[in-house]
Amino acid sequence: MTNAHTPSQTRGIRLTVIAVLLFISLVVAGFVNRIGQPRVMTAADMQANGAFVLQTPRDIGDFSLTDHHGQVFDPARLEGQWTLVFFGFTYCPDICPTTMAFLNEFMQKLEGTEAADTQVVMVSVDPARDSVEQLAGYVPFFNPEFIGVTGEFLDIHRFATALNTPFRKVPGQGEDYLIDHSANVVLINPRGDYHAFFKPPLDLAKMKVTYRSIRVLWDR
C-alpha cells in the first residue's frame, strides 16, 4: 500500500504550507513593527517622567530677540519644528553648563528624523553681560547646532513670562552677580505654541521616551 499523493494533493499541501508561512511572517512583522513604535504614554506617565503637557498649547505671542549670529529670532523661527528652550546665562557656574551638556547628549540619542526637526535654544536671562559675541563663544561649545538668544531685558522677561520661566538677579553681589532662574526645559510645538515642559532632574531615558510619545500624540 502506498502513501503517494496525487499531483493535486501535493499542490494543495504546498499551497497550505506557503499560506501558513506567510501568515507567520505577517504576524512576526507586525509584532516587530509594534515593538519599534514609540510608546504612547498617559498624562500621568509623562508627569511621573517629569514632563508636564499643557491640555491646550498656549500662544506665546509676538517677540523679537537676537540669536548668536546677530539675526532676528522671532516666532517664525519656531514654526515647522519642535523647539527645546532653556533659559540660562553664560556666567552660570553649574546648572546651565550641566543642562546644556545634557541637551547635547539628548540630541545624540534621538532617532530617525527626530533630531532633524528638533532645535535647542538657550535664551539668556542676563542680557547685560550676554552679548551676541558672548553667546557665540559659549553656546556652540556644547553643540554647533544649538542657538543662543539675547535681547533687551524687557523683551526677554516677557518671553520668559509667556513660558512660565521666572528669573531674577540675586541682589548684593556687585559685578559678579548670579541669576536665579528656572531649570525647566520648555517644549514648543511646530506651530510655535508652548506645548509642555520638562522638570529637573532631567533623565535621558525618561525624557527620550516621553518626548517621542508627545510627538506621536501630536501627529494623531
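The chain exposes about 12500 Å², and carbon and sulfur atoms supply 57% of that area. The structure is a predicted model, with a mean pLDDT of 89 for the chain. Its secondary structure comes to 7 helices and 10 strands. Of the 220 residues in the chain, 40% are buried.

**Overall fold and confidence**

- Among the contacts in the chain with a separation of 6 or more, 70% are made by residues 24 or more positions apart.
- A pLDDT of 70 or more is reached by 83% of the residues.
- Residues 27–37 have a pLDDT under 50 throughout, and the model gives this segment 1 contact beyond four places in sequence.
- Where pLDDT is low, the predicted coordinates should not be read in detail.

**The annotated binding site**

- An unreviewed UniProt entry places the feature "binding site" at Cys92, Cys96 and His181.
- These residues are spread over 90 residues of sequence, yet they cluster in space, with a largest C-alpha distance of 10.2 Å.
- Cys92 is found in the loop between strand 4 (residues 82–88) and helix 3 (residues 95–109).
- Because its relative accessible area is 9%, which is under the 20% cut-off, Cys92 counts as buried.
- When residues up to four places away in sequence are not counted, Cys92 touches Pro97 and His181.
- Cys96 is found in helix 3.
- The relative accessible area of Cys96 is 0%, so this residue also counts as buried.
- Not counting residues up to four places away in sequence, Cys96 touches Phe86, Gly88, Phe89, Tyr138 and His181.
- His181 therefore appears among the contacts of Cys92 and among those of Cys96, and the UniProt record lists His181 with both cysteines.

**Valine 125 and its surroundings**

- Val125 lies in the loop between strand 5 (residues 118–124) and helix 4 (residues 132–136).
- With a relative accessible area of 2%, Val125 is buried.
- Leaving aside neighbours within four places in sequence, Val125 is in contact with Phe87, Gly88, Phe89, Phe167, Ile179 and His181.
- One of these contacts, His181, belongs to the annotated "binding site".
- Gly88 and Phe89 are in contact with Val125, and both are also touched by Cys96.
- The C-alpha atoms of Val125 and Gly151 are separated by 9.3 Å, although the two residues are 26 residues apart along the chain.

**Strand 9 and its partners**

- Strand 9 covers residues 185–188; Val185 and Leu187 point one way from the strand, while Val186 and Ile188 point the other way.
- All of these four side chains belong to buried residues.
- Strand 9 pairs with strand 4 in the antiparallel sense, over 4 bridges.
- Within this pairing, Thr83 has Ile188 of strand 9 as its bridge partner.
- Strand 9 is also joined to strand 10 (residues 193–198) by 4 bridges, and these two strands run antiparallel.
- Here Val185 has Phe198 of strand 10 as its bridge partner.
- Strand 9 and strand 10 form a hairpin with 4 residues between the strands, in which Gly192 takes a positive phi near 85°.
- Strand 9 thus pairs with strand 4 and with strand 10.

How values were computed. Residues are numbered from 1 along each chain as its sequence is written. This is a predicted model: local features need pLDDT of at least 70, side-chain atom pairs count only at pLDDT 80 or more; totals for chains, interfaces and linings use all residues. Side-chain values use heavy atoms; hydrogens and water are left out. pLDDT is the predictor's confidence in each residue, from 0 to 100. Contact means heavy atoms within 4.5 Å. UniProt positions are given in the numbering used here, feature names are shortened, and annotations may be inferred rather than shown by experiment. Buried means under 20% relative accessible area, exposed over 50%, partly exposed in between (1.4 Å probe, protein chains only). Two strands pair if DSSP finds at least two bridges between them. Accessible areas come from the Shrake-Rupley method with a 1.4 Å probe; for residues, only the protein chains shown count as cover.
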